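I opened the model to look up its salt bridges and the burial of the residues that form them. My entries follow the display.

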Amino acid sequence: MHILLTRPLDDCKELILKFKQLGHKVSHLPVIKVESKKYEELKYEEFNAIIFTSSNAIRNLDLKKINKKIYCFCVGSATEKIAKVNGFQNVYTADGNVNNLKEIILQNFTNKNKKLLYVSGEIISSNLQKDLISEGYLVKRLINYSVLPILNLDLNFIEDLKLSLPEIVFVYSENSAKNLLNLIKKYELVDYWMNTNLMCIGEKTSSVLNEIKWKKIFLFNPGEEEFLLYKI
(Lines give C-alpha, C1' and ligand atoms only; values in the text may rest on other atoms or scores of the structure.)
Protein backbone atom coordinates (compact mmCIF):
# COMPACT_ATOMS: atom_id res chain seq x y z
CA MET A 1 0.00 0.00 0.00
CA HIS A 2 1.18 3.55 -0.76
CA ILE A 3 0.84 5.93 2.23
CA LEU A 4 1.35 9.70 2.23
CA LEU A 5 2.26 11.42 5.53
CA THR A 6 1.92 15.19 5.87
CA ARG A 7 3.51 15.97 9.27
CA PRO A 8 7.01 17.43 9.82
CA LEU A 9 9.68 14.72 9.90
CA ASP A 10 10.24 14.90 13.69
CA ASP A 11 6.59 14.02 14.21
CA CYS A 12 6.36 11.06 11.84
CA LYS A 13 9.80 9.49 11.33
CA GLU A 14 8.97 6.54 13.61
CA LEU A 15 5.72 5.96 11.73
CA ILE A 16 7.57 6.09 8.41
CA LEU A 17 9.94 3.37 9.63
CA LYS A 18 7.08 1.26 11.00
CA PHE A 19 5.09 1.39 7.76
CA LYS A 20 8.17 0.56 5.68
CA GLN A 21 8.94 -2.41 7.93
CA LEU A 22 5.40 -3.62 7.28
CA GLY A 23 6.17 -3.55 3.55
CA HIS A 24 4.32 -0.37 2.60
CA LYS A 25 5.55 2.41 0.33
CA VAL A 26 5.69 5.72 2.22
CA SER A 27 5.86 9.22 0.75
CA HIS A 28 6.55 12.22 2.97
CA LEU A 29 4.96 15.55 2.11
CA PRO A 30 5.20 17.95 5.06
CA VAL A 31 2.66 20.74 4.64
CA ILE A 32 3.77 22.76 7.69
CA LYS A 33 7.04 23.63 9.41
CA VAL A 34 7.62 24.41 13.09
CA GLU A 35 9.64 27.41 14.27
CA SER A 36 10.64 28.20 17.85
CA LYS A 37 9.39 31.43 19.40
CA LYS A 38 11.05 33.49 22.10
CA TYR A 39 9.06 33.28 25.30
CA GLU A 40 9.10 34.91 28.71
CA GLU A 41 11.23 33.47 31.50
CA LEU A 42 9.06 31.99 34.22
CA LYS A 43 9.58 30.87 37.79
CA TYR A 44 8.71 27.26 37.12
CA GLU A 45 8.70 26.38 40.80
CA GLU A 46 5.45 28.38 41.09
CA PHE A 47 3.62 25.76 39.00
CA ASN A 48 2.32 22.42 40.24
CA ALA A 49 1.40 20.93 36.87
CA ILE A 50 2.36 21.34 33.23
CA ILE A 51 0.20 20.69 30.16
CA PHE A 52 1.49 19.80 26.69
CA THR A 53 -0.91 19.63 23.74
CA SER A 54 1.81 18.65 21.26
CA SER A 55 5.28 17.14 21.23
CA ASN A 56 6.54 20.37 19.65
CA ALA A 57 5.64 22.20 22.86
CA ILE A 58 8.14 19.95 24.67
CA ARG A 59 10.84 20.11 21.99
CA ASN A 60 10.82 23.92 21.99
CA LEU A 61 10.90 24.40 25.77
CA ASP A 62 14.04 24.74 27.89
CA LEU A 63 13.38 21.96 30.37
CA LYS A 64 16.45 22.29 32.58
CA LYS A 65 14.73 24.37 35.29
CA ILE A 66 11.55 22.29 35.46
CA ASN A 67 11.05 19.69 38.19
CA LYS A 68 10.42 16.46 36.28
CA LYS A 69 8.28 15.13 39.16
CA ILE A 70 5.64 17.77 38.43
CA TYR A 71 2.23 16.58 37.26
CA CYS A 72 2.51 16.36 33.47
CA PHE A 73 -0.60 16.19 31.28
CA CYS A 74 -0.18 15.18 27.63
CA VAL A 75 -2.72 15.22 24.83
CA GLY A 76 -1.70 11.87 23.32
CA SER A 77 0.72 8.95 23.30
CA ALA A 78 3.26 10.62 20.98
CA THR A 79 3.48 13.63 23.30
CA GLU A 80 3.64 11.31 26.31
CA LYS A 81 6.61 9.47 24.80
CA ILE A 82 8.57 12.70 24.28
CA ALA A 83 7.71 13.82 27.83
CA LYS A 84 9.03 10.57 29.32
CA VAL A 85 12.17 10.66 27.17
CA ASN A 86 12.82 14.10 28.66
CA GLY A 87 12.47 12.81 32.21
CA PHE A 88 8.90 13.61 33.25
CA GLN A 89 7.74 10.98 35.73
CA ASN A 90 4.13 11.71 36.68
CA VAL A 91 2.55 11.69 33.22
CA TYR A 92 -1.17 11.54 32.51
CA THR A 93 -2.26 11.02 28.92
CA ALA A 94 -5.39 11.52 26.85
CA ASP A 95 -6.08 9.77 23.54
CA GLY A 96 -5.18 12.68 21.27
CA ASN A 97 -8.30 14.70 22.07
CA VAL A 98 -8.12 18.03 23.94
CA ASN A 99 -11.59 17.53 25.44
CA ASN A 100 -10.47 14.22 26.91
CA LEU A 101 -7.30 15.89 28.17
CA LYS A 102 -9.45 18.45 30.02
CA GLU A 103 -11.39 15.61 31.71
CA ILE A 104 -8.16 13.90 32.77
CA ILE A 105 -6.95 17.16 34.33
CA LEU A 106 -10.28 17.63 36.16
CA GLN A 107 -10.05 14.08 37.53
CA ASN A 108 -6.39 14.10 38.59
CA PHE A 109 -5.57 17.71 39.53
CA THR A 110 -8.24 18.65 42.03
CA ASN A 111 -6.53 21.44 44.01
CA LYS A 112 -7.69 24.54 42.15
CA ASN A 113 -5.52 26.83 44.30
CA LYS A 114 -2.39 25.47 42.62
CA LYS A 115 -1.16 26.75 39.26
CA LEU A 116 -0.96 24.97 35.91
CA LEU A 117 1.39 25.88 33.09
CA TYR A 118 -0.06 25.26 29.63
CA VAL A 119 2.64 25.13 26.92
CA SER A 120 1.45 25.27 23.33
CA GLY A 121 1.92 26.62 19.84
CA GLU A 122 0.57 29.91 18.60
CA ILE A 123 -2.40 28.29 16.83
CA ILE A 124 -4.71 26.06 18.88
CA SER A 125 -7.83 24.19 17.79
CA SER A 126 -9.47 24.31 21.22
CA ASN A 127 -9.12 26.92 23.99
CA LEU A 128 -8.09 24.63 26.82
CA GLN A 129 -6.87 27.53 28.96
CA LYS A 130 -10.26 29.26 28.82
CA ASP A 131 -12.09 26.00 29.56
CA LEU A 132 -9.94 25.27 32.62
CA ILE A 133 -10.23 28.83 33.93
CA SER A 134 -14.01 28.53 33.64
CA GLU A 135 -13.71 25.46 35.91
CA GLY A 136 -11.91 27.57 38.54
CA TYR A 137 -8.29 26.68 37.74
CA LEU A 138 -5.29 29.01 37.71
CA VAL A 139 -3.72 28.57 34.27
CA LYS A 140 -0.80 30.35 32.59
CA ARG A 141 -0.37 29.78 28.85
CA LEU A 142 3.14 29.85 27.40
CA ILE A 143 3.46 30.01 23.59
CA ASN A 144 6.84 28.67 22.50
CA TYR A 145 6.48 27.78 18.82
CA SER A 146 4.62 28.73 15.69
CA VAL A 147 3.53 26.72 12.67
CA LEU A 148 4.14 28.06 9.17
CA PRO A 149 2.83 26.71 5.86
CA ILE A 150 5.05 25.00 3.30
CA LEU A 151 4.50 27.09 0.18
CA ASN A 152 6.49 25.24 -2.49
CA LEU A 153 6.99 21.61 -3.43
CA ASP A 154 9.67 19.83 -5.41
CA LEU A 155 8.37 19.41 -8.96
CA ASN A 156 10.00 15.99 -9.32
CA PHE A 157 8.12 14.86 -6.22
CA ILE A 158 4.85 16.08 -7.75
CA GLU A 159 5.47 14.16 -10.98
CA ASP A 160 6.35 11.00 -9.06
CA LEU A 161 3.18 11.40 -7.00
CA LYS A 162 1.05 11.62 -10.13
CA LEU A 163 2.55 8.38 -11.41
CA SER A 164 1.97 6.53 -8.13
CA LEU A 165 -0.92 8.00 -6.19
CA PRO A 166 -1.26 7.01 -2.52
CA GLU A 167 -4.09 4.84 -1.27
CA ILE A 168 -4.02 6.68 2.06
CA VAL A 169 -3.24 10.26 3.15
CA PHE A 170 -2.91 11.15 6.86
CA VAL A 171 -3.70 14.73 7.97
CA TYR A 172 -3.28 15.71 11.63
CA SER A 173 -4.72 19.20 12.10
CA GLU A 174 -7.09 21.76 10.67
CA ASN A 175 -4.12 23.98 9.87
CA SER A 176 -2.38 21.16 8.00
CA ALA A 177 -5.57 20.48 6.07
CA LYS A 178 -5.78 24.11 4.95
CA ASN A 179 -2.16 24.09 3.79
CA LEU A 180 -2.58 20.75 2.02
CA LEU A 181 -5.63 22.09 0.20
CA ASN A 182 -3.69 25.18 -0.91
CA LEU A 183 -0.86 23.01 -2.27
CA ILE A 184 -3.29 20.69 -4.06
CA LYS A 185 -4.81 23.68 -5.81
CA LYS A 186 -1.50 25.40 -6.52
CA TYR A 187 -0.04 22.33 -8.23
CA GLU A 188 -3.30 21.43 -10.02
CA LEU A 189 -3.82 18.15 -8.20
CA VAL A 190 -7.52 18.59 -7.40
CA ASP A 191 -8.74 15.74 -9.63
CA TYR A 192 -6.19 13.10 -8.57
CA TRP A 193 -7.64 11.72 -5.31
CA MET A 194 -10.74 9.71 -6.22
CA ASN A 195 -9.03 6.41 -5.30
CA THR A 196 -7.33 7.78 -2.17
CA ASN A 197 -8.62 7.41 1.39
CA LEU A 198 -8.30 10.49 3.58
CA MET A 199 -7.49 9.97 7.28
CA CYS A 200 -8.14 13.02 9.46
CA ILE A 201 -8.02 13.93 13.13
CA GLY A 202 -11.46 15.34 13.82
CA GLU A 203 -14.32 16.64 11.74
CA LYS A 204 -12.91 20.19 11.59
CA THR A 205 -9.87 18.81 9.79
CA SER A 206 -11.84 16.67 7.35
CA SER A 207 -14.34 19.44 6.56
CA VAL A 208 -11.53 21.61 5.16
CA LEU A 209 -10.79 18.95 2.54
CA ASN A 210 -14.39 18.04 1.69
CA GLU A 211 -14.25 19.88 -1.61
CA ILE A 212 -11.75 17.31 -2.88
CA LYS A 213 -13.27 14.04 -4.12
CA TRP A 214 -11.82 11.23 -1.97
CA LYS A 215 -12.60 7.54 -2.05
CA LYS A 216 -13.53 7.60 1.66
CA ILE A 217 -12.86 9.82 4.66
CA PHE A 218 -11.99 8.33 8.06
CA LEU A 219 -11.55 10.04 11.45
CA PHE A 220 -8.85 8.77 13.81
CA ASN A 221 -6.77 9.51 16.91
CA PRO A 222 -2.94 9.47 16.91
CA GLY A 223 -1.71 5.97 17.58
CA GLU A 224 -4.43 4.33 15.49
CA GLU A 225 -2.64 4.69 12.15
CA GLU A 226 -1.57 1.05 11.80
CA PHE A 227 -5.04 -0.19 12.80
CA LEU A 228 -6.64 2.00 10.11
CA LEU A 229 -4.69 0.20 7.38
CA TYR A 230 -6.81 -2.90 7.98
CA LYS A 231 -10.05 -0.95 7.44
CA ILE A 232 -9.17 -0.13 3.84
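I looked up Glu135 and noted a relative accessible area of 31%, so I entered Glu135 as partly exposed, the bands being buried under 20%, exposed over 50% and partly exposed in between, with a 1.4 Å probe and protein chains only. Its partner is Lys102, and the closest N and O atoms of this salt bridge are 3.7 Å apart, where the term asks for a side-chain nitrogen of Lys or Arg within 4 Å of a carboxyl oxygen of Asp or Glu. Lys102 sits in helix α4 (residues 98-108) and Glu135 in the loop between α5 and β8 (138-149), so the pair joins parts 33 residues apart in sequence; helices (H or I, at least four residues) and strands (E, at least two) are DSSP runs, numbered from the N terminus. Lys102 has 16% relative accessibility and therefore counts as buried.

The model is predicted, local features need pLDDT of at least 70, side-chain atom pairs count only at pLDDT 80 or more, and totals for chains, interfaces and linings use all residues. Residues are numbered from 1 along each chain as its sequence is written, and side-chain values use heavy atoms, leaving out hydrogens and water.

I then went through the salt bridges, of which the structure holds 13. Among them is Glu122 with Lys37, at 3.8 Å between the closest N and O atoms. This pair links distant parts of the chain, 85 residues apart, with Glu122 in the loop between β7 (115-121) and α5 (128-134) and Lys37 in the loop between β3 (32-36) and β4 (47-52). I entered Glu122 as partly exposed at 43%, and Lys37 as partly exposed at 30%.
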